[in-house]
Amino acid sequence: MALLIDPPIVPARGMLWSHLASDASLDELHNFARSIGIPARGFDRDHYDVPAHRYDSVVAAGAVPVSSRELVQRLRNAGLRRRKSESLGRRAVGQALTRPRRLNAGDEAAIVAPAGPVPADRLEAGVRVLETWGLRVRLGNHVYDRPDSFDYLAGIDGDRASDFMRAWTDPQIRAVFGARGGYGAQRTIELLDWGQLVQAGAKVLCGFSDLTALHQGIAAILGLVTIHGPVVTSLGFGDAQTAEQVRRTLFEPETALELIGGHETTTLVPGAAQGVLVGGNLSLLAAEVGTPLSRPARGSLVVLEDCDEEPYRIDRSLTHLLRSGWFEGVHGIGLGSWVNCGTPEQVRSVLAERLTGLGVPILCGLPIGHGTANHAVPLGVRARLDTHAGTLTLIQPALA
């Protein structure tokens, strides 16, 4: 096993290029590239593009010269060759998205605050949970920021975006966790360099609520599965079942195919359906309509939740999604928690009146959202909803 480099014979952008790869692991490749100053943006699927003038110095640093044919064959033999179809990029609505790889003990995870201000005690409790899972945690530089004006934001927009970009483009980081929801993610995503995010490759993103805007954007531009699940400030205060379900989704995804996990559900419209999971926070989904990053429900199973919204505001958001055509072609709907949104009877009445006309299976009571139970839901993975069994089951594991 070795670091490999082929001859600089590939023409592009007015110069010749080599390919630097490892037939041991991507970790070895990223570490080596970083040690010799090859930028992260040069990574493409399973190799780094190296300009011809760097070839001799890369060989001197320890890379073994091989032919292009041998380099590709050794990657295939090691199971590290990634086809272009597995690379990141836009996917058709309703199509399953690319799954990032599962996490392992010892992986490094970044915590960023793309939305609202972060209470230190709650963040520290969540960090302890992540560390018990074996993750090495790195905090963004501006996680605890709060601007003099607009104190509902975790620092200024540029700093929040910079923390996210730094985390996502760092080859050492395997997962990015949102510190808290609140408000601000829509302002943050306006400043992201989506081209760099695509080039950086697949990582796990976990969060919910206001981070629905990030889930929508990453699905739309990167074509990547993301995890709708607890933010770090809620991870240390949820129930034990939620924490364990999230851990299994991230580390042992084949053991976390059933998303409801025995929670009691009720049916608005009976039936069964399959589709790719999409959705998140209702208010954010409605607010994203009309932007380039809105990813609608066609061919999908929609999951919805919200908090602190009066029934008429839930009605308004649903009506907006209906009028805009966002629900056209939906296959089924799973409804999570509606904390502080009126009485359960009021909420159920609004949901039923607005959604049952779609004529698709609708299951209520999913352990998703701002309640005590907030199970991880991999957005972009194909699943099956069955109201008779009261189940929402992944057809393939959340992560590769």
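**Figure 1. Leu222 (L222) is a buried residue of this predicted model.** With 0% relative accessibility, L222 counts as buried, because that word applies to anything under 20%. You will find L222 in helix α8, which covers residues 212-222. Leaving out residues up to four places away in sequence, L222 touches L88, G89, W168, W194, L197, V198 and G217. For a sense of scale, look also at F177: F177 and L222 are 45 residues apart in sequence, and their C-alpha atoms are 17 Å apart in space.

**Figure 2. Helix α10 turns buried residues towards three strands.** Helix α10 holds 12 residues, 240-251, and at 1.5 Å a residue these should span 16 Å; the end C-alpha atoms are 16 Å apart, so the expected and modelled spans agree. Which residues of α10 are buried? They are T242, A243, Q245, V246, R247, T249, L250 and F251. These buried residues pack against β9 (173-178), β10 (204-207) and β11 (226-228).

**Figure 3. T188 is a buried residue in helix α6.** Helix α6 runs over residues 185-189. T188 has 1% relative accessibility, so T188 counts as buried. Setting aside neighbours within four places in sequence, T188 is in contact with P114, R160 and A161. Keep R160 in mind, as this residue returns in the next view.

**Figure 4. Two salt bridges can be found within helix α5.** In one of them, the side chains of D157 and R160 meet at 2.8 Å, N to O. D157 and R160 are 3 residues apart in the helix, which means that about one helical turn separates them. Are D157 and R160 buried or exposed? Both are buried. The side chains of D163 and R166 also meet in a salt bridge, here at 3.2 Å, N to O. This pair is likewise 3 residues apart, about one turn of the helix. D163 is buried, with a relative accessible area of 4%, whereas R166 counts as partly exposed at 41%.

**Figure 5. A salt bridge between R34 and D170 links distant parts of the chain.** The two side chains meet at 2.6 Å, N to O. R34 sits in helix α1 (residues 26-35), while D170 is in the loop between α5 and β9, 136 residues apart. R34 is partly exposed, with a relative accessible area of 44%, but D170 is buried, at 8%. Step back a little, and the pair becomes part of a network of salt bridges that links R34, E108, R136, R138 and D170. The structure holds 17 salt bridges.

**Figure 6. F150, Y152 and Y183 make a nonpolar patch on the surface.** The patch has an area of about 300 Å². One of its members, Y152, lies in the loop between β8 (136-139) and α5 (157-169). Y152 has 39% relative accessibility and so counts as partly exposed.

**Figure 7. The whole protein puts the close-ups in context.** How many helices and strands are there in the protein? There are 13 helices and 19 strands. Of the 400 residues, 56% count as buried. A compact globule with 400 residues would have a radius of gyration near 21 Å, and the protein has 22 Å, so the two agree. The C-alpha atoms fill a box of roughly 70 × 50 × 40 Å along the principal axes. Among contacts with a separation of 6 or more, 78% come from residues 24 or more positions apart. The accessible surface comes to about 16,200 Å², and carbon and sulfur atoms account for 50% of that surface.

Definitions and conventions. Residues numbered from 1 in each chain as written. Predicted model: local features only at pLDDT ≥ 70, side-chain atom pairs only at ≥ 80, totals over all residues. Heavy atoms only, no water. Helix = DSSP H or I, 4+ residues; strand = E, 2+ residues; numbered from the N terminus. Buried < 20%, exposed > 50% of the residue type's maximum accessible area, 1.4 Å probe, protein only. Contact = heavy atoms within 4.5 Å. Patch = residues over 30% accessible without salt bridge, like charges linked within 9 Å, V, L, I, M, F, W, Y side chains within 5 Å. Areas by Shrake-Rupley, 256 points an atom, 1.4 Å probe, with all protein chains shown as cover. Salt bridge = Lys/Arg side-chain N within 4 Å of Asp/Glu carboxyl O. Rg over C-alpha atoms; globule rule 2.2 N^0.38 Å. Expected span 1.5 Å × (residues − 1).
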